Amino acid sequence: MPALSLDDQQRLRHLTIQIARRLRSCLDLAERHFNRTFIVPDFNFRLRGLKAGVAYLQQNEIRLNRTLLLENSDAFLQQVVPHELAHLLVYQIYGRVKPHGKEWRFVMAQLFRLPADTCHQFDIQNVQGNTVAYRCDCQTHQLSLRRHNNIVKNKVRYHCRLCKTLLVAG
């Protein structure tokens, strides 16, 4: 990971405190609703790539994308942190269920009173590595070098989520 400026280091320290408070606030709601206690999850900023956050269920850990956090701190505190915490809570309450299934949607919408959005809309230009253009019947897709190499070396096939046609180099 690239080194941070002194200003960004200070912002990250401040955001760490805010994230811990946000987690505690959301946990308090869950504890009152489910009438049980939950262990505060660990969190860190070791996530790279295009994802904003990932919940590691069995480790009770949330990994956040440091670059996206610094660029979108308000949205992270409002949506991303509760989103990932909801995954951990659902796992502890219900076990393995669909990642964005009815249990997760309930925690997000009814308990946290937040939109049950499954994807972020952040500008990913600063976290996106080199890409290769592929096309389908409706648009051009920028695939990561990892996916491109999977196509070339491992004969993996990817399809467009919208038109369902095979992606081809182009």
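**A strand pairing and two annotated histidines**

G53 has L64, in strand 3, as its bridge partner. This pairing comes from a predicted model, and it belongs to a wider arrangement in which strand 2 (residues 53-56) and strand 3 (residues 61-65) run antiparallel and are joined by four bridges. The hairpin formed by strand 2 and strand 3 has four residues between the strands. Within this hairpin, N60 adopts a positive phi near 50 degrees.

Attention now turns to the annotated positions. The UniProt record, an unreviewed entry, places the feature "binding site" at H83 and H87. Helix 3, which covers residues 73-94, contains H83, and H87 is found in helix 3 as well.

How accessible is H83, buried or exposed? With a relative accessibility of 9%, H83 falls under the 20% cut-off and therefore counts as buried. The relative accessibility of H87 is 13%, so H87 counts as buried too.

The surroundings of the two histidines can be described through their contacts beyond the nearest sequence positions. Once neighbours within four places in sequence are set aside, H83 is in contact with H100, W104, M108, D117 and T118. With the corresponding neighbours of H87 left out, the residues in contact with H87 are A55, L57, P99, H100 and W104. H100 and W104 thus appear in both sets of contacts. A55 also provides a link back to the hairpin described above: A55 lies in strand 2, which spans residues 53-56, and A55 is in contact with H87.

Terms used. Residues are numbered from 1 along each chain as its sequence is written. This is a predicted model: local features need pLDDT of at least 70, side-chain atom pairs count only at pLDDT 80 or more; totals for chains, interfaces and linings use all residues. Side-chain values use heavy atoms; hydrogens and water are left out. UniProt positions are given in the numbering used here, feature names are shortened, and annotations may be inferred rather than shown by experiment. Buried means under 20% relative accessible area, exposed over 50%, partly exposed in between (1.4 Å probe, protein chains only). Contact means heavy atoms within 4.5 Å. Two strands pair if DSSP finds at least two bridges between them.
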